[in-house]
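Let's take a walk through this one together, from the inside out. Have the viewer open and click along as we go.

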Amino acid sequence: MFEKTEALKKLFTEKVAKATATSDIEQLRIEFLGKKGSVQALMQELRNVPNEGKKEAGQKINEAKQYIENAITEKIAELKKFEEQKLIEATESYDESMPVSVDYGSYHPITLVRREVEQIFLSMGFSVEDYSEITDDYNCFEALNIPKHHPARDMQDTYYLSSNQLLKTHTSAAQNTILRKYKSNLENGNPIRAIFPGRCFRNEKIDACHENTFFQMEGIMVDENISISNLIYFMKTMLSEVFQKDITVRLRPGFFPFVEPGFELDIQCLICGGDGCPSCKDSGWLELCPCGMIHPNVLTAAGIDPEKYTGFAFGLGMTRLAMMRYGVKDIRVFNSGNLKSLSQFTEKSFTNPSNESKEA
Ligand code: DAH
């Protein structure tokens, strides 16, 4: 039996060395370890071995079986690594030593849309502000009239960091800082006008419509006598520029603790023009941007007198806007890091909604 098990191990070793794909290994597993395989055949032969040699012969067969099983596990791991490497080479091949050429790079679609919206607001006298991605409970919630244990916190499943910090769940987290930064404008008779784009984070289950990392752009304007009409004017002007056509908007009531009244701003569906189609779920409208008149408590928290000054705020979903602008159906494209998809977007490749409806 010793010679037989050794011969089997030798045969297996030769065959496994020649295997080049995980599918070959499966064949070998059947051939050697299967119900009708070589190891099983040796087991049958055990019957013919005299009693005194049975134990030792049985051990030899088990040893050979173990040897084959281990070799299979090792070879599969080796081949998987090799196959993955081949896949990577087939999908992404690049040469690090190549000289950099400007022709090879492309802007991320969200950067393109952000820059465009920034230009529009800059031309209307707004400043563009930067704000960190890490903030604290006060800025993200308390200063926005969302006290501890307020149910509105449940809507924003937050990533908390150590030392009382957190990843900002919305760009509204910068409101208090920006209002404080510019409140001297008001004393000098000038309005506060600022937009602050940024990356936000929430613990979301990721699918085609949800991401845990997304972009928003917050905007605020504060002065004496600012009203809802100012809000509608600025939003309508900005959106008409972005979509390069006259946009019809409507406001619906919406609740956000940091605005009163609060609204959901909808735009008339760009694809069907309001008649109803699958894109707008037959309603004729697309929900685009929550907004409202800044709550007196938010102004007070920033040291601004709400009796004298009023203002509006909005939180534009940049990721959503980029999806609409470019006709992207799956939000996961944006954070995929897949250069094949992401390099397709250029300033000129915006979706023309009327063309899309014709193709559909
Ligand atoms: N920060 C809110 C969110 O992400 C969106 C929002 C609603 C921003 C109303 C605003 C606003 O400025 O007025 O859910």
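Which residues have the most contacts inside the largest nonpolar core? Keep in mind that we're looking at a predicted model. The residues to click on are Met238, Ile267 and Leu316, and the core they belong to has 48 residues. As a rule of thumb, nonpolar side chains in soluble globular proteins tend to be buried together.

So what builds this core? Several elements each supply at least two residues: the helices are H5 (109-123), H8 (228-243) and H10 (318-326), and the strands are E5 (213-223), E7 (259-268), E8 (285-294) and E9 (310-317). H8 gives the most, with seven residues.

Leu316 is a good place to stop and look around. Leaving out residues up to four places away in sequence, Leu316 touches Val117, Phe215, Gln216, Met217, Met238, Leu288, Cys289 and Leu321. Met238 on that list is one of the residues with the most contacts inside the core. Apart from this core lies another, of 27 residues, and Cys140, Ala173, Ala194 and Ile220 are among them.

Now for the ligand. Which residues come nearest to it? Of the 16 residues around the ligand, they are His170, Ser172, Arg202, Gln216 and Glu218. Strands E5, E8 and E9 each supply at least two residues of this shell, and those three strands each supply at least two residues of the largest core as well. Gln216 is worth a second look: this residue touches Leu316 and is also among the nearest to the ligand.

What is the shell made of, by class? Seven of its residues are nonpolar, seven are polar and two are charged.

Zoom in on the oxygen atoms of the ligand and you'll find some polar partners. Arg202 places a polar side-chain atom 2.8 Å from a ligand oxygen, and Gln216 has a polar side-chain atom 2.9 Å from a ligand oxygen. With Ala313 the partner is a polar backbone atom, 3.2 Å from an oxygen atom of the ligand. On its own the ligand would expose 360 Å², and the protein buries 94% of that.

Let's finish with a few residues elsewhere. Asn176 is in helix H7 (residues 175-187). Is Asn176 buried or exposed? With a relative accessibility of 6%, Asn176 counts as buried, because the cut-off for that is under 20%. Its contacts, not counting residues up to four places away in sequence, are Tyr138, Asn139, Ala143, Ala301 and Ala302.

Arg153 sits in the loop between helix H6 (137-140) and strand E3 (165-167). Despite carrying an arginine side chain in a loop, this position counts as buried, at 14% relative accessibility. Not counting residues up to four places away in sequence, Arg153 touches Asp137, Phe141, Glu142, Ile146, Pro147, Lys148 and Tyr160.

For the opposite situation, go to Glu307, in the loop between helix H9 (296-301) and E9. Its relative accessibility is 75%, so Glu307 counts as exposed. Glu307 and Leu342 are 35 residues apart in sequence, and their C-alpha atoms are 48 Å apart in space.

Gln27, in helix H2 (residues 22-33), counts as exposed too, at 53% relative accessibility. Lys15 is 12 residues from Gln27 along the chain, and 11 Å separates their C-alpha atoms.

Technical notes: Residues are numbered from 1 along each chain as its sequence is written. This is a predicted model: local features need pLDDT of at least 70, side-chain atom pairs count only at pLDDT 80 or more; totals for chains, interfaces and linings use all residues. Side-chain values use heavy atoms; hydrogens and water are left out. A nonpolar core is a set of buried Ala, Val, Leu, Ile, Met, Phe, Trp, Tyr and Cys residues joined through side-chain atoms within 4.5 Å. Buried means under 20% relative accessible area, exposed over 50%, partly exposed in between (1.4 Å probe, protein chains only). Helices (H or I, at least four residues) and strands (E, at least two) are DSSP runs, numbered from the N terminus. Contact means heavy atoms within 4.5 Å. A residue is near a molecule or strand if one of its heavy atoms lies within 4 Å of it. A polar contact is a pair of N or O atoms within 3.5 Å; within protein, one must be able to donate a hydrogen and the other to accept it, and residues adjacent in sequence count only if both atoms are side-chain atoms. Accessible areas come from the Shrake-Rupley method with a 1.4 Å probe; for residues, only the protein chains shown count as cover. Ala, Val, Leu, Ile, Met, Phe, Trp, Tyr, Cys and Pro count as nonpolar, Asp, Glu, Lys and Arg as charged, and the others, Gly among them, as polar.
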